[in-house]
Amino acid sequence: MCLNKLITAALINILFASALFAESRIAPILNSIDEIYKIKTDARADVMLTQQKPEQGTKVIKMIYYRRDSDDSFLIVMSEPENEKGNGYLRVGDNFWMYRKNTRTFQHINRDENIGGSDARSDDFETRKLSELYGPALGPDGKEIFSQEMLGQVPVNRFEVKALVNDVDYPKKIYWARRDNNLILKEESYSLSGTLMQTAYFLKYSIIDGRYLAVKHLYIDEFEKGNKTVVDISNVSTAKLENSIFTKAYLENLSK
Amino acid sequence: MKLLITLSLRNLFRQKRRNILLGIAIALGVTILVLANSFSQGISDIMFNKIMRWVTGQVTVRFNEKGRMNREIFRDKERVMALIKNTPGVLEADEGAGMFCRAIGNGKSDNIIIVGVNTSLEITEETKKELEDSFRLIEGGWKDLENPAINNPVIVSEEKARFLNVKKGDVIRVRFRNMFGQDQAARLTVSGIMKNDNIFMQPVVFLELRNAKLIFGYKPYETASLTLKVKDAVKNSAAIADSIHAKLKPGVAVIHALTARGDKSSVADVLGYRSDEESKKKLSALLKIKSGSVEAALKKDGVVIFNTLAGALKVKAGDEIKIGFARKFEETPAEKYLKVSAVAADNPELKGNVILVNDEKFYDIYYENLPKPAPEAFIPDKDGSWAGLVSPEWILLERTANTEEAKKKYIALGKKKWKGTTIDVSTMYETASDIMKLEGVLKLITLSAVMVLFFIILLGVVNTLRMTIRERTREIGTIRAIGMQKNDVRHIFILETFFLTLFASIAGIAAAYISMWLLSQITFKMSDNPMGMLLVNGHLYFLPTFTGIAGNVALIILIAVVTAYFPSRRAANLSPAKALGHFE
């Protein structure tokens, strides 16, 4: 009896969810974003983070980023600041190591670890689909929170999404995406309690192998006012990378 | 014997000045030894009973989902709590919940640790006193933490309040990443200020447990860890931890679900399969794939269903099925979609309709939607081929005896990439065995120093005895001539040394107690100094123990007696005739 009720409830819910998904205006945008952003090749890029904190001044962090498409492995080698130079992070499959040049040692770390003293974490470098992490958020009226407005001079779709999984930085986000090609121009990130924590602006895009890549981002810390980070991505290459790059030996040699 | 004691005591008082001086030297050594041992014992007591006791509990049960250190969560608190509470020797059991945060006060920011405190928990008077001694409130009260009219009332240390520039009634904003790594922000209202001399406890901010769990993102039935207070912790904690560990043996994790595809549906049991390399090899041999491939079946998101169920649902590899099941703590059932990676031939050991899911994916579904227990669910035979291949409810880590072993265990934990929740049972004496080592080292250093001192003192003892024997040679001759035996003469001298050392030790202990009392009257202002953790309420803390003092005194008496034995034997061996003829 209990199982029958369960079956009925499950089927009703599934049907309802399917109907909702079919009418969603947000879901196709999320899928589109995944499609236009997804780099389907190996990649190499120089990444520069400029962090400004009122109490600590400006800190520049530079790194080289290598990514292998076949298994989502990546390698990060720090080149600035001086005290981080030569340190690196290597992720292959489930294994994630941090390399310390001074001690010439590799240490197993988890994906929550901060990279090179920045606020960036290992999972920020993972390529997980937006549509798998977030789904449309519903307002009190049961409808998706979606509107069309202008961001400066650009017509955009503004929509709210909520996390579908636990292991994301922010449980709620609001996006402003261009109406013509769904490129994200602005993103607001909210904490579990609904506090605005961060606003991101995607200032410049490049087209790499027919895919869009935001090469300049600005992150404004809304919680600790005055903190902001600018991310610059340059020298992007999508040429095939040697497998030997994604090894401990390579990282060790590179750091010498 | 009574006569020998009387004679030795009388002789002891015959040379008062010499013996008093020697006694003072011995007493001084005893004083130093007792003082130093009581101090190192005090350090241990502070570390274990005034810090570790509050931080980890005397016995701790830790949970780490997916083997991740930051992901401290267990989804069925009451189940473990019920097992623990019935364990003999457990006095109190409570949840532990804490989070490192960035706090912003009035124009100032700093790091703090929010600790959930259960103010509604019934605690013994002893615990209450310990709590009040360790965290002395100078403003507000513990009950203020329960005030529903205040938004997240907290008790902050005096030093942290000063640093953040906040006072009672002010708001502190905090941000942190919770156990899932999600950013969270909250507003805390200062409702009390406490004083704590331990610099390591100054970042601690107490928040009512329910409020803490709410802002951390725990549901009421979830917990981060469990901390226990046990009867006679030093003696019993390891045995109690062993007993709890034995009770926490996991069963097989299973989801009894309704599966559906299109208009076809069937009841099935979803089991996780272990995805380590060894298990994958065994699975490859056991699975006879009919549709799809073994490689796809063993991938991260691998889902294998067996022929009969596949026929009933009319699915093949690549198709999607829905599963729905009742949840233990939520009223609404859970629904999930699984993409079938492979269809395998029915296996005689897997009865009913079984769906195998890679443990990485399986645990995501299982923990997020803890299923209602279903006695009718199929569990593989524990002696069969599948017993070691299906995922357990959790992974129970081996018990470890000391800090070194615990470190190795956690390093291995990082490498193993467990997909399920690990449970670790430990005592504070095991996780912080280095503190006990430190105490042992301190005691050894003290003992070595005091032994050097005693070596010098014992030279005095030997010298005194030699002088005494020389002075009393004619007396020895007389008492030997009137019939006293050699052994008795020897015993008189040994007893003299014994009583001298005993009286001096008693005086030394008294002097040590007086010194401890005097030293503990001095107030040190060390709230910003790590050495402040060695103080209790700004005062030095000594913990003399009967066994420690008795052991020290016994050791000193033994050494003195052994030292006295040889001159005494020489005195006893004197010929009565020669002794009587001795003339100076």
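Helix 2 of chain B and its neighbours

Colleague: How do you know that the span of helix 2 (residues 16-55) of chain B agrees with its 40 residues?

Modeller: At 1.5 Å a residue, 58 Å is what the 40 residues should span, and the end C-alpha atoms lie 55 Å apart, which agrees. The expected span is 1.5 Å times one less than the number of residues, and a helix is a DSSP run of H or I with at least four residues, while a strand is a run of E with at least two, both numbered from the N terminus. This is a predicted model, in which local features need pLDDT of at least 70 and side-chain atom pairs count only at pLDDT 80 or more, while totals for chains, interfaces and linings use all residues. Residues are numbered from 1 along each chain as its sequence is written, chains are lettered from A and ligands numbered from 1 in the order in which they are written, and side-chain values use heavy atoms, without hydrogens and water.

Colleague: Where does helix 2 of chain B bend?

Modeller: At Asp45(B), by about 25 degrees; the bend is the angle between axes fitted to the seven residues ending there and the seven starting there. Just after the helix, Gly57(B) has a positive phi of about 80 degrees.

Colleague: Why are helix 2 and helix 16 of chain B called oblique?

Modeller: Helix 16 (residues 486-519) of chain B packs on helix 2 of chain B at about 45 degrees, with the axes 7 Å apart. Axes are lines fitted to C-alpha atoms, for helices over the stretch in contact, and angles run from 0 to 180 degrees between N-to-C directions. Under 35 degrees counts as roughly parallel, over 145 as roughly antiparallel, 65 to 115 as roughly perpendicular and the rest as oblique. The pair is therefore oblique.

Colleague: Which residues make that contact?

Modeller: With contact meaning heavy atoms within 4.5 Å, they include Gly23(B) and Val30(B) of helix 2 of chain B, and Ala504(B) and Gly508(B) of helix 16 of chain B.

Colleague: What makes helix 4 of chain B roughly perpendicular to helix 2 of chain B?

Modeller: The angle with helix 4 (residues 125-134) of chain B is about 105 degrees, and the axes are 11 Å apart. Helix 2 and helix 4 of chain B are therefore roughly perpendicular. Lys50(B), Arg53(B) and Trp54(B) of helix 2 of chain B meet Thr127(B), Glu130(B), Leu131(B) and Ser134(B) of helix 4 of chain B.

Colleague: What is the angle between helix 2 and helix 14 (residues 433-471) of chain B?

Modeller: About 170 degrees, with the axes 9 Å apart. That makes the two roughly antiparallel.

Colleague: Which peptide bond in chain A is cis?

Modeller: The one from Glu80(A) to Pro81(A), with omega near 0 degrees.
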